[in-house]
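User: I would like the reasoning behind some of the terms used for this model. Please set each value against its cut-off.

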2 protein chains.
Amino acid sequence: MNQRQTITDGDNSGRPGKSGDGAERHEEIHRSISDAIIEHRLRPGARLREDALAEVFGISRTGIRKILQRLALEQLVTLTPRRGASVTRPTAEEAKDVFDARQMVECGLMPEVARRITDDDLRELLEMARRERQALKSGEQSMAIRLSADFHARLARISGNATLADFVDRLCSRSSLILAVYGNPGHLGCESHDHDDLIGYLEAGNGERAQAFMGRHLKAIEASLSIVEEEAEAPDLHRIFSD
Amino acid sequence: MNQRQTITDGDNSGRPGKSGDGAERHEEIHRSISDAIIEHRLRPGARLREDALAEVFGISRTGIRKILQRLALEQLVTLTPRRGASVTRPTAEEAKDVFDARQMVECGLMPEVARRITDDDLRELLEMARRERQALKSGEQSMAIRLSADFHARLARISGNATLADFVDRLCSRSSLILAVYGNPGHLGCESHDHDDLIGYLEAGNGERAQAFMGRHLKAIEASLSIVEEEAEAPDLHRIFSD
DNA sequence: GGCCACCGACATGTATACAATGTTCGTGCA
DNA sequence: TGCACGAACATTGTATACATGTCGGTGGCC
């Protein structure tokens, strides 16, 4: 126990403040794993053993399980009974559903966003778009994907509707997973100037054009995917010998 | 109750294979609690003590905690650290967000639903609407609310988009909570024939009119709410002495 | 020589014990 | 008599121990 405490203290040495609070620590761990998945440092299919995670983060399996269940609810990890957790591998159908949902919600939100956006919002969005462009230019694809998801999520948040914004958060996270499976390496799908153009429409208060542009933007991303059902392990035989 | 559990286990002892699987039991308990909340047998604000639930359902607190966390993710219960779980009491703002979200998603789904709906779907929907009317007539408001939520959820499912259908599920559940807090007793908000009319438009394949009608339908429900911030315990003083 | 069955290791699922914390009620003092 | 402090209680948070199920290897049998 003392040893684990020592390890924990070592991990937390950077932030000694209120590290004693377990809730925030859990939040932090959730973010760590979530980010790793979104940034493709953990690829779809990767196994997530409870013991290993518990050791890495210096808490017991109990806490890890809680976090894993939450990630499962967010559909970032898949929990198979008695087999444990692994990073979700989205199916082609899920990919279509997610992008259709984004099309409906993100586009539908644009008019309200254009109405409510402030100068501060615009500044922040421009900064995010700049960093994304920079990451893209310097070949940091993981970072670029993450920043792109953040951009879309931040945009939805401006609408003032927390429920829809949370939904967009989740859709963006899942989109990152989809890109990991079906995306073409070295090609993000997002044109680098798209987000800047979008900001322009919003700055002009033109919700209609922002909405239409967002629609094209999302369609472009979706079109850049290579949706090929890479046959899984087991179903292969089933399908082959079905006749 | 525990004895009944023991008997159940005894029955299963002969076949130790998959019957011991607690996953389905958990699912069942989750549904039990979820239904109780949606049907207003558990009112917003009601405390949900882990011990009590564990005893009622004959499992240990571990399992109950898992279920409670899931319900919290679905925003049906609120988990306050060190204070435990209670049925969520939606704020007026949340109520608005939820209905705005429903407006966007459920209406947006109607054209696709009209395109894909089958005769079997229509039969099932008519049956649901009939049972709802009947419950309403016989004064079973809890049952009516539940059936209404089921109707909307089932409708969204026809679109074929599982992601959006899941989202609508959650929105409908939360709407039940909202009705519990802001609804007028004895008045459901839904006109009893609304759902039948909607089915008519869908049967005719008229997605546009179904969409418009759904919009009015949801607006009518929202308009029937009495959004009065019934001052809670603590916030009261805060707001009063904020200046 | 190949296939099946058994067995050990490992990982997860569940329960329980313990620790920490919030709440409430009682008592003492002003 | 009212308020403040404190202790007992109740409840949740965490860890660990144990049970159960799955996977991989090895040996025997056909």
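**Helix crossings and a hairpin**

Analyst: In this predicted model, helix H4 (residues 61-73) of chain A and helix H4 (residues 61-73) of chain B have axes that come within 10 Å and cross at roughly 40°.

User: Why is H4(A) called oblique to H4(B)?

Analyst: Angles under 35 degrees count as roughly parallel and 65 to 115 as roughly perpendicular. The crossing is at roughly 40°, so H4(A) is oblique to H4(B). The crossing is right-handed. Lys66(A), Gln69(A), Arg70(A) and Leu73(A) meet Lys66(B), Gln69(B), Arg70(B) and Leu73(B) in this contact.

User: What classes do the residues of the contact of H4(A) with H4(B) divide into?

Analyst: Four are charged, two polar and two nonpolar. Lys and Arg count as charged and Leu as nonpolar, with Gln among the polar residues.

User: What makes H5(B) roughly antiparallel to H10(B)?

Analyst: The axes of helix H5 (residues 92-116) of chain B and helix H10 (residues 207-223) of chain B cross at roughly 160° and come within 8 Å. Angles over 145 degrees count as roughly antiparallel, therefore H5(B) is roughly antiparallel to H10(B). The crossing of this pair is right-handed. Residues in the contact include Phe99(B) and Met110(B) of H5(B), and Met214(B) and Leu218(B) of H10(B). By class, the contact has nine nonpolar, five polar and five charged residues.

User: How do you know that strands S2 and S3 of chain A pair?

Analyst: Pairing needs at least two bridges. S2 (residues 77-80) and S3 (residues 84-87) of chain A have four, in the antiparallel sense. Leu79(A) has Ala85(A) as its bridge partner in S3(A). Three residues lie between the strands of this hairpin, and Arg82(A) in the turn has a positive phi of about 65°.

Methods
Residues numbered from 1 in each chain as written. Chains lettered and ligands numbered in written order. Predicted model: local features only at pLDDT ≥ 70, side-chain atom pairs only at ≥ 80, totals over all residues. Heavy atoms only, no water. Helix = DSSP H or I, 4+ residues; strand = E, 2+ residues; numbered from the N terminus. Axes fitted to C-alpha atoms, helices over the stretch in contact; angles between N-to-C directions. Left-handed = near helix turned anticlockwise from the far one by under 90°. Contact = heavy atoms within 4.5 Å.
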